[in-house]
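Student: Please take a close look at a single part of this model and explain how it fits into its surroundings. I would like one connected account, with each cut-off stated where it applies.

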Amino acid sequence: MMWQHNEITQQKLHALIHNGEVQWGGNRNLKIYGLLNCTSGKRMKTANRVFFASEAEAQQAGYRPCGHCMKTAYLDWKQKEQRL
């Protein structure tokens, strides 16, 4: 399940993170996902921020790994994209 930041309260978001239901953050406009503590992710506008329960969920939604906090996964993704 994908949660949009501007559609849930801070209290609900903190509960989801604490319970392990949210483990990844993403940018809805750029279709990028990454770690919750990524400095790039923390700078994005709340309206663009989404959250995922798993990395697989983010990938199934068409998001790619962040080049900042997930460099290895991003480089692997980039190599696969170049082959297509």
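**Asn27 and the strand around it**

Tutor: A polar atom of the Asn27 side chain lies 2.9 Å from the backbone nitrogen of Asn29. The model is a predicted one, in which local features require pLDDT of at least 70 and side-chain atom pairs count only at pLDDT 80 or more, while totals for chains, interfaces and linings use all residues. Residues are numbered from 1 along each chain as its sequence is written, and side-chain values use heavy atoms, with hydrogens and water left out. The chain has a mean pLDDT (the predictor's confidence in each residue, from 0 to 100) of 94, and 100% of the residues score at least 70. Confidence is highest in E5, with a mean of 98, and lowest in helix H2 (residues 39–43), with a mean of 88.

Asn27 belongs to strand E2; strands (E, at least two residues) and helices (H or I, at least four) are DSSP runs numbered from the N terminus. Asn27 counts as buried because its relative accessibility is 9%, where buried means under 20% relative accessible area, exposed over 50% and partly exposed in between, with a 1.4 Å probe and protein chains only. Leaving out residues up to four places away in sequence, Asn27 is in contact (heavy atoms within 4.5 Å) with Ile32, Met44, Asn48, Val50 and Tyr63.

The strand itself has two partners to consider. Strands pair if DSSP finds at least two bridges between them. Strand E2 (residues 24–27) runs antiparallel to strand E4 (residues 49–52), and four bridges join them. Here Asn27 faces Arg49, and Gly25 has Phe51 as its bridge partner. With strand E3 (residues 32–35), E2 also pairs in the antiparallel sense, again over four bridges; Gly26 is matched with Tyr33. E2 and E3 make a hairpin with four residues between them, and Lys31 in that turn has a positive phi of about 60 degrees.

In a regular strand, side chains alternate between the two faces of the sheet. In E2, Gly25 and Asn27 point one way, Trp24 and Gly26 point the other, and all are buried. Trp24 also belongs to the largest nonpolar core, a set of seven residues completed by Tyr33, Val50, Phe52, Ala58, Tyr63 and Met70; such a core joins buried Ala, Val, Leu, Ile, Met, Phe, Trp, Tyr and Cys residues through side-chain atoms within 4.5 Å. Another core, of six residues, lies apart from it and includes Trp3, Ile8, Leu13 and Phe51.

Val22 sits in the loop between helix H1 (10–18) and E2. Val22 is counted as buried because its relative accessibility is 2%. Beyond its neighbours within four places in sequence, Val22 touches Trp3, Leu16, Ile17, Leu36, Phe51, Phe52 and Ala53.

In the wider fold, the order of the open, mixed sheet of five strands is E1-E4-E2-E3-E5. Strand E1 (2–4) and strand E5 (64–65) are its edges, each pairing on one side only. The chain contains four helices and five strands, following the pattern β-α-β-β-α-β-α-β-α along the sequence. Of its 84 residues, 33% are buried. Among contacts with a separation of 6 or more, 59% join residues 24 or more positions apart.

Definitions and conventions: Polar contact = N/O pair within 3.5 Å; in protein donor to acceptor, adjacent residues only side chain to side chain.
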